[in-house]
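Dear colleague,

Please find below the sequence and structure that I am handing over to you. My findings follow directly after it.

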Amino acid sequence: MPYPAVDPKPNFPALEQDILAIWEKASTFERSVEQREAGAAGANEFVFYDGPPFANGLPHYGHLLTGFVKD
């Protein structure tokens, strides 16, 4: 089976807006939160630990390389 044709110059901002619209219409974030029990005293709470300040100065390409894995 051949691969589908792919635009060689995609409009990434437009693609992102399309995906966000799909997620909003389907309430994807809300449904994902509803699937997790909070647990006793919030024991199963989701916490995102990331972001500035950075120990080695301003954000740079090295932060991107290690940070995208967590996303």
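In this predicted model, helix 1 has 14 residues, which at 1.5 Å a residue should span 20 Å; the C-alpha atoms at its two ends are 20 Å apart, so the expected span and the model agree. Helix 1 covers residues 12–25 and has the highest mean pLDDT among the elements of the protein chain, at 95.

Trp23 lies in helix 1. Together with Ile19, Leu20 and Ile22, Trp23 forms a nonpolar patch on the surface, and the accessible area of these residues together is about 400 Å².

Just after helix 1, the backbone deserves your attention at Ser27, where phi is positive, at about 50 degrees. Most residues other than glycine have a negative phi. Ser27 has its positive value although it is not a glycine. The residue sits in the loop that connects helix 1 with helix 2 (28–34). Is Ser27 buried or exposed? With a relative accessible area of 29%, Ser27 is partly exposed, because that value falls between the 20% under which a residue counts as buried and the 50% over which a residue counts as exposed.

A second loop position to note is Asn44, which is placed between helix 2 and helix 3. Leaving aside residues up to four places away in sequence, Asn44 touches Arg36, Glu37, Ala38 and Gly39. Asn44 is also partly exposed, its relative accessible area being 43%.

Turning to the protein chain as a whole, its secondary structure consists of 3 helices and 0 strands, and the order from the N terminus is α-α-α. Of its 71 residues, 3% count as buried. The protein chain exposes about 7100 Å², of which 64% is supplied by carbon and sulfur atoms.

Finally, a word on confidence. The average pLDDT of the protein chain is 82, and 76% of the residues score at least 70. Which element has the lowest mean pLDDT? That element is helix 3 (residues 61–67), with a mean of 73. Where pLDDT is low, the predicted coordinates should not be read in detail.

With kind regards

Notes:
Residues are numbered from 1 along each chain as its sequence is written. This is a predicted model: local features need pLDDT of at least 70, side-chain atom pairs count only at pLDDT 80 or more; totals for chains, interfaces and linings use all residues. Side-chain values use heavy atoms; hydrogens and water are left out. Patches are made of residues with over 30% relative accessible area and no salt bridge: like charges are joined within 9 Å, nonpolar side chains (Val, Leu, Ile, Met, Phe, Trp, Tyr) within 5 Å. Accessible areas come from the Shrake-Rupley method with a 1.4 Å probe; for residues, only the protein chains shown count as cover. A salt bridge is a side-chain nitrogen of Lys or Arg within 4 Å of a carboxyl oxygen of Asp or Glu. Helices (H or I, at least four residues) and strands (E, at least two) are DSSP runs, numbered from the N terminus. Buried means under 20% relative accessible area, exposed over 50%, partly exposed in between (1.4 Å probe, protein chains only). pLDDT is the predictor's confidence in each residue, from 0 to 100. Contact means heavy atoms within 4.5 Å. The expected span of a helix is 1.5 Å times one less than its number of residues.
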